[in-house]
Amino acid sequence: MNNSAASTVTEFILLGFPGCQELQYFLFSLFFGIYIFTTVGNGAIVCAVRWDQMLHAPMYILLGNFAFLEIWYITSTVPSMLINFLSETKTISFVGCFLQLYFFTSLGTTETYLLCIMAYDRYLAICRPLHYPTIMTQQLCSLLLSLCWVFGFLSYFVSTVQLSQLPFCGPNTIDHFVCDVDPLMALSCVPAPVTETVFYVLSSLIIMLTLLYILGSYTLLLITVFKVPSAAGRQKAFSTCGSHLTVVCLFFGALLAMYVSPTADNPAEIQKIITLFYSVVTPFLNPLIYSLRNKEMKAALKKVLKIE
């Protein structure tokens, strides 16, 4: 590609994880296995919630939607990574790059909103158990889920379009495995402080506000749990929240490290590892976390997978 000032970039080169061909084959096998396990595991959760009448409660409907979201979230990155491992050119089209950026950020944003709804559900179930059935109805659950998906995909729409309108005249090499905001901003021919500021302010607000809401919900929840007189009651309350809190810690911990704390001076490899953690590792661990810590889900998954 001609990288002169007069040229226009029509494709980007995603360096991914550079290395010898043997390493590329190994990484392809590793991430292919992770992708298959993640899609099958989360797909089994979706099927269990859909087919098992015992799981037609708001908590499990939310979990089924979360598993469905995780399938698409990992699909926004890993298939292109797999192609990249076997490709000699390692290119992605201009349009393909910005589409990946849009779906990657939108699905991640939807996940933060969905984790908030799941925290609200657990707060109602434990702090207001008598009112829970009348407040968290199927209609309210469906409405909250719809808003979650709609606002998740609207949050970064304008910013992504603005970023795509910036001039890219070369170079066109992205030292990452996914089209993300930082490397694309760095490749723009002209500074775009307004677009950059909007992205980071929006990211910080979404991450911090949703995290504060979840932490606030769990603070109230824990206060209520510690007032429960019986140890068995406390154990039951903790068991219903432990899985969700584990996922929150894994997901938001990586997001804070990537988008809220300063990462511009971090080596590219560190940024890749952090991105891998919240975009690949969390969806991968989701089926294990929820199936191992929830008896009802474990029983439903055994039915779906035909395990005696």
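Proline 58 is found in helix H2, where helices are DSSP runs (H or I) of at least four residues and strands are E runs of at least two, all numbered from the N terminus. Proline 58 is buried, with a relative accessible area of 11%; buried means under 20%, exposed over 50% and partly exposed in between, using a 1.4 Å probe on protein chains only. Leaving aside neighbours within four places in sequence, proline 58 is in contact with Asp121, Tyr132, Met136 and Cys141, contact being heavy atoms within 4.5 Å. Proline 58 and serine 142 sit 84 residues apart in sequence, yet their C-alpha atoms are 9.0 Å apart in space.

A quick word on what you're looking at: this is a predicted model, in which local features need pLDDT of at least 70 and side-chain atom pairs count only at pLDDT 80 or more, while totals for chains, interfaces and linings use all residues. Residues are numbered from 1 along each chain as its sequence is written, and side-chain values use heavy atoms, with hydrogens and water left out.

**H2 against H4**

Back to the helix that holds proline 58. H2 packs on helix H4 (residues 94-127) at an angle of about 165 degrees, with the axes 10 Å apart. Axes here are lines fitted to C-alpha atoms, for helices over the stretch in contact, and angles run from 0 to 180 degrees between N-to-C directions. H2 and H4 are therefore roughly antiparallel to each other; the cut-offs are under 35 degrees for roughly parallel, over 145 for roughly antiparallel, 65 to 115 for roughly perpendicular, and oblique for the rest. On the H2 side the contact includes Pro58, Leu62, Phe66, Trp72 and Tyr73, and on the H4 side Phe104, Leu107, Glu111, Asp121 and Arg122 are among the residues involved.

**H1 against H12**

Another pair to look at is helix H1 (residues 21-51) with helix H12 (residues 295-304), which pack at an angle of about 100 degrees with their axes 9 Å apart. That makes H1 roughly perpendicular to H12. Ala44, Ile45, Cys47, Ala48, Val49 and Trp51 of H1 meet Met297, Ala300, Leu301 and Val304 of H12.

Glutamine 24 also lies in H1 and is buried, with a relative accessible area of 3%. Its contacts, not counting residues up to four places away in sequence, are Phe17, Pro18, Gly19, Phe85 and Lys90.

That last partner, lysine 90, is found in the loop between H3 and strand S2 (91-93). Lysine 90 is buried too, with a relative accessible area of 16%. Its phi is near 55 degrees, a positive value in a residue other than glycine. Most residues other than glycine have a negative phi.

**Two buried serines**

Serine 76 has its place in the loop between helix H2 (58-75) and helix H3 (78-86), and serine 279 has its place in helix H11 (residues 268-293). Here are their polar contacts, meaning N or O pairs within 3.5 Å; within protein, one atom must be able to donate a hydrogen and the other to accept it, and residues adjacent in sequence count only if both atoms are side-chain atoms.

| Side chain (polar atom) | Partner | Distance |
|---|---|---|
| Serine 76 | Backbone oxygen of tyrosine 73 | 2.6 Å |
| Serine 279 | Backbone oxygen of threonine 275 | 2.6 Å |

Serine 76 is buried at a relative accessible area of 12%, and serine 279 is buried at 0%. Setting aside residues up to four places away in sequence, serine 76 touches Gln100, Phe104 and Leu107. With its neighbours within four places left out, serine 279 is in contact with Tyr73, Ile74, Thr77, Phe104 and Phe177. The C-alpha atoms of serine 279 and phenylalanine 104 are separated by 8.5 Å, although the two are 175 residues apart along the chain.

**Leucine 222 and the record**

Leucine 222 has its place in helix H9 (residues 193-226) and is partly exposed, with a relative accessible area of 30%. Its C-alpha atom is separated by 15 Å from that of threonine 246, 24 residues apart along the chain.

An unreviewed UniProt entry places the feature "transmembrane region" at several stretches, including residues 25-49 and 61-86; UniProt positions follow the numbering used here, feature names are shortened, and annotations may be inferred rather than shown by experiment. In the model, residues 25-49 are 100% helix and 0% strand, with the end C-alpha atoms 36 Å apart. Residues 61-86 are 92% helix and 0% strand, and the end C-alpha atoms are 38 Å apart.
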